[in-house]
Amino acid sequence: MQHVLIFTLSVLLSFPVLATDWKDYPEDLQQYDFSGDKLQQQWQELTKLTRVEYPDVDWIRSMMTDYPRLAHHMMVLGSDPEAHPAVFKAIQESDYSDLSNAVQEVWRLHYSGQYEKAYELGMQLGPVGEVPAIYSRLVHATLLIDDHDDKMEEFEEAAALSNEGLALAPEYRFAEFGLVYAKVRMLELMSTGEARSSGYIPIAQDKLDKLQEYAPDRGAYPLTRGGLEAGIVERVGSFLGSITYGATESSAIENFEKAQKLLPDMAIVYNEYSVGLIRLDEDDFRKEIRKLLNTCMNIEPVNAEDALNQMHCQRTLKSLTKD
């Protein structure tokens, strides 16, 4: 009976949870193709922000070795003949080739802007596929969903899924970042009272500190920290922000500048930096904001995520021009 319950729980946790409303990647933006060997050939360029590992057979094998709970979860999932064929083959034959190809396909879908397909496929592949699936859902919610409540629902669900994944793979850095990213996005949508009472601010700060200590050359961490601190200062001001959370206008800008030095040719940096300055004080930083946005528009996007960030830069620039 216990094995049946474990199996049932495994299936439920691995079944795709559909988003509230998937939005299509705009047809008028540049379209991308990462079929065949293109994904691996461009992997370093595609993953400059996160430096997530390329999901080849060795990566899957290392995940199974490093995280026994994850391996057990995959074993239970792969014991079901109705499981995804790649998962079934991986477990029944100890052959990870089809599974690694399937996870690579999730990333192909993600970087070409097919977020719904990326999420649905990834969630069928067990924990190793949920890694890119959750990331794809986060990017979709951040860049394509406008409604406040829908955004919050997506970030809450992504955070819950990240927590489940971390229970199987404790301290897996990419999953840790996914969780803290979701919480930072949730904080942006909360009222000041909700944000302070949630407890997310010190948790996010502590986790980002540890991630930056682990990988000081990874631009995603200071970029996210800059946005978090800009949000704090926007709500309570530099003085109270400094006393309560150690966050000031200068510390937010310092983190954005660090991210810009690490990733000088990524649209997301200029999008997030400009939004951060608007939160700090749009009037005081108007010149700097325009400069950031114009730089963003001159960058050549290398994937759908980049193109969507550039689209947001363009929208912000137009809104400033109207003022």
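**Asn 309 and its helical surroundings**

Biologist: Which residues does Asn 309 touch, not counting residues up to four places away in sequence?

Modeller: Asn 309 touches Leu 143, Ala 267, Ile 268, Asn 271 and Cys 296, with those sequence neighbours left out. Keep in mind that this is a predicted model.

Biologist: Where is the place of Asn 309? And does Asn 309 count as buried or exposed?

Modeller: Asn 309 sits in helix α18, residues 304-322. Buried means under 20% relative accessible area. Asn 309 has 1% relative accessibility, so it counts as buried.

Biologist: With which side chain does the side chain of Asn 309 make a polar contact?

Modeller: With that of Asn 271, at 2.9 Å.

Biologist: Asn 271 lies within the residue range of helix α16, residues 267-281. How do the axes of α14 and α16 cross?

Modeller: Look at the angle. Under 35 degrees counts as roughly parallel. The axes of α14 (residues 220-245) and α16 cross at roughly 15° and come within 8 Å. The two helices are therefore roughly parallel to each other. The crossing is left-handed. Residues making the contact include Leu 223, Gly 227 and Ala 230 of α14, and Ile 268, Val 269 and Glu 272 of α16.

Biologist: Now helix α6. Which residues of α6 are buried?

Modeller: In α6, residues 85-93, they are Ala 86, Val 87, Ala 90 and Ile 91. They span an arc of only 125° around the axis, so they lie on the same side of α6. Pro 85 and Glu 93 are exposed on the other side.

Biologist: What covers the buried residues of α6?

Modeller: The cover includes α4 (57-66), α5 (68-78) and α7 (97-111).

Biologist: Which residue follows α6?

Modeller: Ser 94, with a positive phi near 50°.

Note on methods
Residues numbered from 1 in each chain as written. Predicted model: local features only at pLDDT ≥ 70, side-chain atom pairs only at ≥ 80, totals over all residues. Heavy atoms only, no water. Helix = DSSP H or I, 4+ residues; strand = E, 2+ residues; numbered from the N terminus. Buried < 20%, exposed > 50% of the residue type's maximum accessible area, 1.4 Å probe, protein only. Polar contact = N/O pair within 3.5 Å; in protein donor to acceptor, adjacent residues only side chain to side chain. Contact = heavy atoms within 4.5 Å. Arc of directions from axis to C-beta. Axes fitted to C-alpha atoms, helices over the stretch in contact; angles between N-to-C directions. Parallel < 35°, antiparallel > 145°, perpendicular 65-115°, else oblique. Left-handed = near helix turned anticlockwise from the far one by under 90°.
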